[in-house]
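Reader: I am new to this structure and should like to be guided through it. Please show it first, and explain the terms as they arise.

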Amino acid sequence: MPRGIYECINCKHRETLDSTEPLLEKSCPVCGGDMVLVEFQTDFDELTLQTAPQPKPSTLPETLENKLREFYLADLERMEDNVFVFKVREILESDFEKVLRELEEMGYWATLKKRDDGVMLFVFPAGEVKDDNKWLPWVFLIATIFTTLLAGYYLSLTYIQVLDYYGIPGIRNPYINAIAFSISVMAILGTHELGHKIAAAYHGVRATMPYFIPFPSMLGTLGAVIRVKSPLPTRNAAIDLGVSGPIAGFLVAIPVSIIGLRLSVPVPQHLIPQTQGGIAFGENLLFLLIEKYIVTFPENTVVFLHPVAIAGWVGILVTFLNLIPAAQLDGGHIARSFLGEKTHRYLTMVVGLVLIGMSFLWVGWLIWGMLVLLMGSAGNPGALDEVSPISKKRLALTILAFIIFVISATPRPLWVTG
């Protein structure tokens with residue numbers, strides 16, 4: 001992955017960083033000013049880029065100047081290597097995504113930031129966006145199908161043992177149960193990432209295809225991811241990308257959970273041996289609502305979950321984890337749209353420490369808390385345009401995402417009984 005060569009727009013301090021974000025606000029170690037991406041660096045040409053002089057245009061290119069006049073009344077304040085810094089007097093084009101599209105056709109990116117003395121526009125050469133690996137996503141997909149089938153098979157054996165031990169009718173074919181589990185998990189995770197992919201395409205953001213992560217475990221996977229390869233243009237776009245995955249995955253997880261709970265078996269508590277141990281799944285508000293109004297179980301019973309119900313439970317947990325408002329999680333992108341970079345960094349630190357403090361409920365929170373703090377150290381640059389207002393539709397989507405976050409919350413996901 002290329003590294004970025006950044007230069008401070010105030011003191012001209014230059015250094016190479018493990019980032020390719022267009023602008024790193026207040027990150028100059030010398031004067032605390034903004035660092036702007038001026039070049040890329042790879043391992044092959046590291047020495048060359050450090051020693052070779054960088055091109056410095058003496059004037060603003062006429063074609064770029066004419067294009068910018070269509071969008072802004074702005075005064076060029078200074079030129080720092082390949083970065084043109086403007087003070088904006090009036091915004092003529094409110095659709096920043098249109099601005100970015102037309103500038104990118106000319107080989108430039110731009111970012112619009114609020115400063116104490118007004119609105120500043122930074123224009124700089126567009127970064128290189130490499131083509132996707134066409135085969136790797138399919139390799140990971142096939143491998144994850146295999147590992148989830150394997151996980152579903154072993155979950156089915158446990159489920160069938162319960163049916164046999166208590167003489168309860170149910171689906172005793174482990175292969176059917178395994179296929180149902182794999183389809184359920186892959187559908188939830190795939191829809192989640194597909195939601196991100198569609199939102200990215202809608203806003204002209206380049207993103208990879210979903211990468212499923214195979215892992216030989218009780219679930220057979222560590223989830224799925226897509227990698228965003230170009231900057232988020234606006235705060236509206238950041239919210240859309242943040243909410244699209246969780247909402248899409250959640251909508252699939254609901255029917256999966258209902259079907260899975262209908263296939264699950266309740267056993268009277270007094271019939272269960274006191275010495276019998278196992279893994280208990282923590283409940284969330286959604287499961288409680290389903291069990292109260294849709295799939296009811298007798299009182300004083302222990303419910304042994306069908307593999308499909310476990311898949312639905314995992315989907316709800318994944319939704320909750322992704323909506324945590326920190327770092328570069330989905331919830332973190334949503335929060336960053338409303339908060340400045342510094343405030344968001346503090347929020348990430350607080351959330352990370354709270355998760356670590358919750359490790360007395362579930363040891364997994366210790367890992368998640370450390371992961372959030374680690375991701376938070378890289379910051380979240382936010383959208384290129386932090387000036388345009390957030391639309392009412394995105395405010396509504398944010399409220400919906402918060403509601404989903406609350407009803408999918410699982411403070412104590414797993415523990416061992418007996």
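Author: Two strands pair if DSSP finds at least two bridges between them; strands (E, at least two residues) and helices (H or I, at least four) are DSSP runs numbered from the N terminus. The model is predicted: local features need pLDDT of at least 70 and side-chain atom pairs count only at pLDDT 80 or more, while totals for chains, interfaces and linings use all residues. Residues are numbered from 1 along each chain as its sequence is written, and side-chain values use heavy atoms, with hydrogens and water left out.

Reader: Which residue in β13 does Pro266 stand opposite?

Author: Strand β11 covers residues 265-268 and pairs with β13, residues 301-304, in the antiparallel sense over 4 bridges. Within this pairing, the residue opposite Pro266 is Val303.

Reader: Which helix gives the most to the largest nonpolar core?

Author: A nonpolar core is a set of buried (under 20% relative accessible area, 1.4 Å probe, protein chains only) Ala, Val, Leu, Ile, Met, Phe, Trp, Tyr and Cys residues joined through side-chain atoms within 4.5 Å. The largest has 49 residues, and Trp365 is among those that touch the most other members. Several helices each supply at least two residues, including α4, α5 and α8. With 10 residues, the greatest contributor is α8.

Reader: Over which residues is the pLDDT below 50?

Author: pLDDT is the predictor's confidence in each residue, from 0 to 100. The protein chain averages 89, and 92% of the residues score at least 70. The stretch with pLDDT below 50 is residues 41-57.

Methods
Buried means under 20% relative accessible area, exposed over 50%, partly exposed in between (1.4 Å probe, protein chains only). Contact means heavy atoms within 4.5 Å.
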